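Visitor: I've got a structure open on my screen and I'd like to learn how to read it. Could you walk me through it?

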Amino acid sequence: MKIIETSDLTAPHALRRQVFIEEQGIAEAEEWDDLDGEAIHLLALEGDAPMGTARLFVTGDLGKIGRVCVAMPARGTGLGKLLILEGCERLRAAGCARVQLGAQVQAMGFYEKLGFVAFGPVYDDAGIPHRDMERVLA
């Protein structure tokens, strides 16, 4: 499995459509926003097959990770962890001191194992309960 940075959004968008729109039932209008052009897009590949994606943002010393998804065949393989760790490393290299994300409440334990700490209230994002989480980058 390798993780690359890509400016071609064909595969990241296909993965996001599969996971967020088709599997989780998120409305198209909620998934697609005008932020993709500003983001750094990571794409995980098994051979030539896209298996996961995430997008990164840098604002001063704050990094954000979002739209993290892993295709069904790659779930449980550690790919999600690799995407988050790669995202953190790239954000650290870009000068970020901390990273934030909006975690689906059901996935908070996953992020806690990777050093993220929850803050703020639970909120609704596209009909799914979320909570903000943050990790300090050493």
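Guide: Let's start with a pair of strands, and keep in mind that this is a predicted model. β1 and strand β2 (residues 40-46) pair in the antiparallel sense, over 5 bridges.

Visitor: Which residue in β2 is the bridge partner of Ile-3?

Guide: That's Ala-44. Try finding the two on your screen.

Visitor: In what order do the strands of the sheet come?

Guide: You read a sheet from one side to the other. Here 7 strands make an open sheet, ordered β1-β2-β3-β4-β5-β7-β6, with mixed pairing. β1 (2-6) and β6 are the edge strands: each has a single partner, so one side of each has no neighbour in the sheet. On average, neighbouring strands are turned by 25° against each other, if you ignore direction.

Visitor: And what packs on the sheet?

Guide: Helix α3 (residues 79-93) does. Its contacts are with β1, β2, β3 (49-59), β4, β5 (98-104) and β7, and its direction makes about 160° with that of β4.

Visitor: Let's look at β4, then. How many of its residues are buried?

Guide: 7 of its 9 residues, so β4 is mostly covered. Here's a general idea to carry with you: in a regular strand, side chains alternate between the two faces of the sheet.

Visitor: How does β4 run relative to β3, parallel or antiparallel?

Guide: Antiparallel, with 7 bridges joining β3 to β4. For example, Gly-52 stands opposite Val-70 in β4. The two strands form a hairpin with 2 residues between them, and in the turn Gly-60 has a positive phi of about 65°.

Visitor: What about β4 and β5, parallel or antiparallel?

Guide: Those pair in the parallel sense, over 3 bridges. Lys-64 has Gln-100 in β5 as its bridge partner. Together, β4, α3 and β5 make a right-handed β-α-β unit.

Visitor: You mentioned a positive phi at a glycine. Which residues have one although they are not glycines?

Guide: Arg-67 is one of them, with a positive phi of about 50°. Arg-67 sits in strand β4 (residues 62-70). Ala-126 is another, at about 60°, and Ala-126 lies in the loop between β6 (117-125) and β7 (128-136).

Visitor: Why do Arg-67 and Ala-126 count as partly exposed?

Guide: Buried means under 20% relative accessible area, and exposed means over 50%. Arg-67 has 23% relative accessibility, so it counts as partly exposed. Ala-126 also falls in between, because its relative accessibility is 22%.

Definitions and conventions: Residues are numbered from 1 along each chain as its sequence is written. This is a predicted model: local features need pLDDT of at least 70, side-chain atom pairs count only at pLDDT 80 or more; totals for chains, interfaces and linings use all residues. Side-chain values use heavy atoms; hydrogens and water are left out. Helices (H or I, at least four residues) and strands (E, at least two) are DSSP runs, numbered from the N terminus. Buried means under 20% relative accessible area, exposed over 50%, partly exposed in between (1.4 Å probe, protein chains only). Two strands pair if DSSP finds at least two bridges between them. Axes are lines fitted to C-alpha atoms, for helices over the stretch in contact, and angles run from 0 to 180 degrees between N-to-C directions. Contact means heavy atoms within 4.5 Å. A crossover is right-handed if, with the strands pointing away from the viewer, the path from the first strand over the helix to the second runs clockwise.
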